[in-house]
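Here are a few notes to go with the coordinates, written for a colleague who has the viewer open. I hope they help you find your way around.

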Amino acid sequence: MIRVRLEPDGKILEFPRLNTVLQLLNRLGLRFNQVLVIRGPELLTRDRRLYAGDELTVRRVTSAG
Amino acid sequence: MKCKSCREPAMVDLPSHNAAFCGPCFLRYFSGQVRAAVKAQAMFGPGERILAALSGGKDSLALANELLEQDCRVSGLFVDLAIPGSSDRARAAVEDFCRARGLDLVVVDLAAEGLAIPEVKRRVRRPVCSVCGKIKRHFFNRAAARGGFEVLATGHNLDDEAARLLANTLRWDGAYLSDQGPLLPAEDGFVRKAKPLYRLTEYETACYCFLKGIEVHDAPCPYSRGATFTSYKRLLDDLEHNSPGSKFAFYDGFLNRGRPAFEAQQAGLGQGLSPCPECGSPTSGDICGVCRIRRLLRGED
Ligand code: SF4
Ligand SMILES: [Zn+2]
Ligand SMILES: [Zn+2]
């Protein structure tokens, strides 16, 4: 299972199977430069592999207001 | 993906520059873009005093952090809009940021000025954001002028600037097109204004804040109807997606080849400005727009 926290909304999503960041972005309907994909201290580029047990934060970069 | 400079695993993907960077190399690239902006537009020189308008969001905090690290003489400015549940949190983010870096902070309290934004929203019939923007710009300029700063710097990024340009272009708004840009020279009581992040996208400022560990305030203003220029930003993002680099080329091409034509066309059309009799700010009318709102809120109009 891969856990994804969406910011700023705070919503949590879980995905049973995802291989790459690009797959995750496609599932969320997002482009790579609309969000930061964060795993621990790292920003992940589109091609990075994801692993079972990963906890990710997907943070929108567009400032509102 | 590997870092273009050092071949370590990349953290930031920049197709517009045909590059990807690891954290440290990205931060070097970011500093280089800010230096290039300051130099290309002659925004400020060594020793000049800069007042950076801080909202607590990622762009303005990235700007202030970078100027500090480049040893600029920078102070922060926060305009407290007195919006419940929003302004106090933004203010805390700005105060924490400044305290941690020993950055001087000037605070303007709109409630004390008789211009709390919720009150303005109640009393003024125009959309609150246009009035709020006007009030903020007024106090940015006034704080910079009164504090003896040579330049006011804001965190506008390439996405903001390109979206505004597209909006102005779709309306063929000659007056705006003649002076939109990353540098507005000082004039008639207005201090010089600079946008040192105009070469960087909001994705890049977000990466910068993450990599620098900057805590940003990113809750939207409760009065916001979504980000400004959202639909224009989306159009430009589609363009950029299909043809990387086109967003910057659109904006930079305007600065070099479009704006001069609008400047020539608008030359001499500007209204003369004189100091507002109530607050001294430059205005083309009798009393300035902000003093007029203040009178309205006091019930004098
Ligand atoms: S969203 Fe509107 S009211 Fe809120 S801070 Fe921005 S301009 Fe002001
Ligand atoms: Zn590198
Ligand atoms: Zn006035």
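1. A good place to start is N18(B), which is exposed, with a relative accessible area of 66%. Please keep in mind as you read on that this is a predicted model. N18(B) sits in the loop between β1 (12-14) and β2 (19-21) of chain B. Its phi is near 55 degrees, a positive value in a residue other than glycine. Most residues other than glycine have a negative phi, and most peptide bonds are trans.

2. W172(B) deserves a look for a similar reason: its phi is near 45 degrees, again positive in a residue other than glycine. You will find W172(B) in the loop between α6 (158-170) and α7 (174-179) of chain B. At 61% relative accessibility, W172(B) counts as exposed because the cut-off for that class is over 50%.

3. In chain A, please check the peptide bond from E7(A) to P8(A), which is cis, with omega near 5 degrees. P8(A) belongs to the loop between β1 (2-7) and β2 (12-15) of chain A.

4. Which atoms hold the zinc ion (ligand 2)? The protein donors are the SG atoms of C3(B), C6(B), C22(B) and C25(B), lying 2.2 to 2.4 Å from the ion. Along the chain, the donors of the zinc ion (ligand 2) follow the spacing C-x2-C-x15-C-x2-C. The site is tetrahedral, with angles of 100 to 118 degrees among its 4 donor atoms. Two of these cysteines can be placed by accessibility: C22(B) counts as buried at 6%, and C25(B) is buried at 7%. Both classes follow because buried means under 20% relative accessible area.

5. The zinc ion (ligand 3) is coordinated at 2.3 Å by the SG atoms of C276(B), C279(B), C288(B) and C291(B). Why is this arrangement called tetrahedral? The 4 donor atoms subtend angles of 107 to 114 degrees around the zinc ion (ligand 3), and the arrangement is therefore tetrahedral. The donors of the zinc ion (ligand 3) are spaced as C-x2-C-x8-C-x2-C. Within this set, C276(B) and C288(B) link distant parts of the chain, 12 residues apart. C276(B) lies in the loop between β9 (274-275) and β10 (282-283) of chain B, while C288(B) lies in the loop between β10 and α11 (289-298) of chain B. Both C276(B) and C288(B) are buried.

6. Around ligand 1 you will see L81(B), C129(B), C132(B), K136(B), C221(B), Y223(B) and S224(B). This shell divides into 5 nonpolar, 1 polar and 1 charged residue.

7. Now for the interior. In soluble globular proteins, nonpolar side chains tend to be buried together. Here the largest nonpolar core has 73 residues, of which L24(A), L36(A) and F26(B) touch the most other members. Helix α1 (residues 23-40) of chain B gives the most to this core, with 8 residues. A second, separate core of 31 residues includes V79(B), I117(B), V124(B) and F149(B).

8. Finally, F26(B) makes a handy viewpoint on the largest core. Leaving aside its neighbours within four places in sequence, which residues is F26(B) in contact with? They are V12(B), L14(B), F21(B), E204(B), C207(B), Y208(B) and L211(B).

Methods
Residues numbered from 1 in each chain as written. Chains lettered and ligands numbered in written order. Predicted model: local features only at pLDDT ≥ 70, side-chain atom pairs only at ≥ 80, totals over all residues. Heavy atoms only, no water. Core = buried A, V, L, I, M, F, W, Y, C linked by side-chain atoms within 4.5 Å. Buried < 20%, exposed > 50% of the residue type's maximum accessible area, 1.4 Å probe, protein only. Helix = DSSP H or I, 4+ residues; strand = E, 2+ residues; numbered from the N terminus. Contact = heavy atoms within 4.5 Å. Donors = N, O, S within 2.8 Å, 3.2 Å for Na, K, Ca; no water. Tetrahedral: all angles 85-135°; square planar, octahedral: opposite > 155°, others 65-115°. Near = heavy atom within 4 Å. Nonpolar A, V, L, I, M, F, W, Y, C, P; charged D, E, K, R; others polar.
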